[in-house]
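Visitor: I have a model open and would like to learn how to read its features one by one. Could you walk me through it?

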Amino acid sequence: MPDDNDPRDESVPAGAPESEGAPLPPETDPRDEPAPFGAVVLLTAGSAVAVMVISAFMSDPPGMRFLLGGPIALVVFEVVANEVWWRRWWGAIPGAIGGLACYFEGRAALSDLVGDAWSHPVAYVAAWTLFAAVFALCSRYPRTLSRWPGSTPT
């Protein structure tokens, strides 16, 4: 014999968990997910290494477009593929500043340690790796901007 009382019609005491009939917050926005740290850093560092290897085999020194092409293409791909929206890719600014400082200061310091021939490639890869790490870390903040009204951050 079915019960005439529907549990959704009963009043819920204050402080009790919400019932099954209560509206649920919308699913999390995939754009709120941070950039995958390991993938971004490893792919960017790997592309920087590939650019340095290719440039070593070129007869003429490569131009700036070539040197910036691979790692920037990977970061742009990350932004497009994972929909890391503009409030997340603000990390490109501090990443670029840190990467440029790492490159110029690191190249000068490395020239004394490993010589001029190796200082440029090592500083180049280190700078792009630092850029990717800062970019991926910054993509975690702010954690989310599309909260359900009345929700509390976890």
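**Reading the fold and its packing**

Guide: Let us begin on a helix: Ala109 lies in helix H3. Keep in mind that this is a predicted model.

Visitor: Is Ala109 buried or exposed, or something in between?

Guide: Burial is read from relative accessible area, where under 20% is buried and over 50% is exposed. Ala109 has 42% relative accessibility, so it counts as partly exposed. For its place in space, take Ser119 as a partner: the two are 10 residues apart in sequence, and their C-alpha atoms are 8.1 Å apart.

Visitor: Stepping back, how many helices and strands does the protein chain have?

Guide: There are four helices and zero strands, which gives the pattern α-α-α-α along the sequence. Of the 154 residues, 27% count as buried. Contacts add to this view: among those between residues at least 6 apart in sequence, 78% join residues at least 24 apart.

Visitor: Which residues make up the largest nonpolar core?

Guide: The general idea comes first: in soluble globular proteins, nonpolar side chains tend to be buried together. Here the largest nonpolar core has 12 residues, among them Ala48, Val51, Met52, Leu67, Tyr103, Leu110 and Ala123. Helices H1 (37-57), H3 (92-113) and H4 (116-138) are the elements that each give two or more residues to this core. H4 supplies the largest share, six residues.

Visitor: What about a second core?

Guide: A separate core of seven residues is also present, and it includes Ala35, Val41, Ala133 and Phe135.

Visitor: Could we zoom in on one core member? What is Ala123 in contact with, beyond its neighbours within four places in sequence?

Guide: With those neighbours left aside, Ala123 touches Tyr103, Gly106, Arg107 and Leu110. Two of these partners, Tyr103 and Leu110, are listed with Ala123 in the largest core.

Visitor: Now the rings. How many aromatic pairs are there?

Guide: Rings pair when their centres lie within 6.5 Å, and planes over 60 degrees apart count as edge-to-face. The count by this rule is three aromatic pairs. In one of them, the ring centres of Tyr103 and Phe104 are 5.1 Å apart and the planes stand at 75 degrees, so this pair is edge-to-face. Tyr103 is itself buried, at a relative accessible area of 13%.

Visitor: And how do Trp128 and Phe131 pair?

Guide: Their pair is edge-to-face as well, with 5.4 Å from centre to centre and 85 degrees between the planes. Trp128 and Phe131 are three residues apart in helix H4, so about one helical turn separates them. Trp128 is buried at 11% relative accessibility, and Phe131 is buried with a relative accessible area of 10%. Ring pairs also bring in Phe135, linking it with Trp128 and Phe131 into a cluster.

Visitor: Let us end on the outside. Which residues form a nonpolar patch on the surface?

Guide: Look at Met64, Leu68, Ile72, Val76 and Val80, which together have about 460 Å² of accessible area. Met64 is found in helix H2 (residues 64-81). With 57% relative accessibility, Met64 lies over the 50% cut-off and therefore counts as exposed.

Visitor: How much accessible surface does the protein chain have in total?

Guide: The total comes to about 10700 Å², and 66% of that belongs to carbon and sulfur atoms.

How values were computed:
Residues numbered from 1 in each chain as written. Predicted model: local features only at pLDDT ≥ 70, side-chain atom pairs only at ≥ 80, totals over all residues. Heavy atoms only, no water. Core = buried A, V, L, I, M, F, W, Y, C linked by side-chain atoms within 4.5 Å. Buried < 20%, exposed > 50% of the residue type's maximum accessible area, 1.4 Å probe, protein only. Contact = heavy atoms within 4.5 Å. Patch = residues over 30% accessible without salt bridge, like charges linked within 9 Å, V, L, I, M, F, W, Y side chains within 5 Å. Areas by Shrake-Rupley, 256 points an atom, 1.4 Å probe, with all protein chains shown as cover. Salt bridge = Lys/Arg side-chain N within 4 Å of Asp/Glu carboxyl O. Phe/Tyr/Trp six-rings, centres within 6.5 Å; stacked < 30°, edge-to-face > 60°.
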